[in-house]
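Work through these exercises with the model open. Each one sets a task, then solves it in steps.

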Amino acid sequence: MTKNSVFLTDEKNYQLIKNFDSAKSKKQKKKEPRNYWLLKKYNVLLVNNDTKLIYPVKNNDNNILFYTKESDVFDKLQDVYQSLGHGGRDRILYELNSKLKNNTRSEVDLYLSLCELCQLK
């Protein structure tokens, strides 16, 4: 897997949260370019005593976009898919993009290839 991959393993997710917290701490005297990049691209949110990686929220935007760990991708796809009732790739992507930051069309295509009813369409 490449360094810039959108897939976040549990370990990579944990490491990003740890690095973000370190970059945000005021104990560092001099911040490095990677710290500025982390602060621009990520933020953390505590949800039910679980730290989640999110995309930074803009001042006038109330929509929170979560980064999904690789282990949770199937569950998130299944939730959206069932709520739409065999909605199709574009509807699923639209719904996912309103909640999640790191989803891809290939993930949705792979998920839809597992549904026999969707293959008949």
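**Exercise 1. Find what share of the protein chain is buried, and describe the chain as a whole.**

Step 1. This is a predicted model. The protein chain has 121 residues, and 29% of them count as buried. The cut-off for buried is under 20% relative accessible area.

Step 2. Turn to the surface. The protein chain exposes about 8800 Å². Carbon and sulfur atoms supply 50% of that area.

Step 3. Take the overall dimensions. Along the principal axes, the C-alpha atoms fill a box of roughly 60 × 35 × 25 Å.

Step 4. Count the charges. There are 22 positive and 15 negative side chains. The centres of the two sets lie 11 Å apart.

**Exercise 2. Set out the secondary structure in order.**

Step 1. Count the elements: the protein chain has 6 helices and 2 strands.

Step 2. Read along the sequence. The pattern is α-α-β-β-α-α-α-α.

Step 3. Check the contacts across the sequence. Take those with a separation of 6 or more; residues 24 or more positions apart account for 41% of them.

**Exercise 3. Locate the largest nonpolar core and say which elements build it.**

Step 1. The largest nonpolar core has 14 residues. Those with the most contacts inside it are Leu 77, Tyr 81, Ile 92, Leu 96, Val 108 and Leu 112.

Step 2. Assign the elements. Two or more residues come from each of α3 (73-84), α4 (89-97) and α5 (105-113). Helix α3 gives the most, with 5 residues.

Step 3. Inspect one member, Ile 92. Leaving out residues up to four places away in sequence, Ile 92 touches Leu 77, Val 80, Tyr 81, Leu 84, Val 108 and Leu 112.

Step 4. Look for another core. A second, separate core has 9 residues, including Leu 8, Phe 20, Leu 38 and Tyr 42.

**Exercise 4. Decide whether Asn 102 is buried or exposed, then list its partners.**

Step 1. Place the residue: Asn 102 is in the loop between α4 and α5.

Step 2. Apply the cut-off. Asn 102 has 7% relative accessibility, so it counts as buried.

Step 3. Find the polar partner. The side chain of Asn 102 reaches the backbone nitrogen of Thr 68 at 2.7 Å.

Step 4. List the contacts. Beyond residues up to four places away in sequence, Asn 102 touches Val 6, Leu 8, Phe 66, Tyr 67, Thr 68 and Glu 107. Leu 8 also belongs to the second core.

**Exercise 5. Examine the positive phi values of Asn 48 and His 86.**

Step 1. Start with Asn 48. Its phi is positive, about 50 degrees, although the residue is not a glycine.

Step 2. Asn 48 lies in the loop between β1 (43-47) and β2 (50-54). Its relative accessible area is 76%, so Asn 48 is exposed.

Step 3. Move to His 86. This residue, also not a glycine, has a positive phi near 60 degrees.

Step 4. His 86 lies in the loop between α3 and α4. At 26% relative accessibility, His 86 counts as partly exposed.

**Exercise 6. Place Pro 33 and give its distance from Leu 8.**

Step 1. Pro 33 lies in helix α2, residues 33-41.

Step 2. Pro 33 counts as exposed because its relative accessibility is 67%. The cut-off for exposed is over 50%.

Step 3. Compare sequence and space. Pro 33 and Leu 8 are 25 residues apart in sequence. From C-alpha to C-alpha they are 22 Å apart.

Terms used. Residues numbered from 1 in each chain as written. Predicted model: local features only at pLDDT ≥ 70, side-chain atom pairs only at ≥ 80, totals over all residues. Heavy atoms only, no water. Core = buried A, V, L, I, M, F, W, Y, C linked by side-chain atoms within 4.5 Å. Buried < 20%, exposed > 50% of the residue type's maximum accessible area, 1.4 Å probe, protein only. Helix = DSSP H or I, 4+ residues; strand = E, 2+ residues; numbered from the N terminus. Contact = heavy atoms within 4.5 Å. Polar contact = N/O pair within 3.5 Å; in protein donor to acceptor, adjacent residues only side chain to side chain. Areas by Shrake-Rupley, 256 points an atom, 1.4 Å probe, with all protein chains shown as cover. Lys, Arg positive; Asp, Glu negative; His and termini not counted. Charge placed at Lys NZ, Arg CZ, Asp CG, Glu CD.
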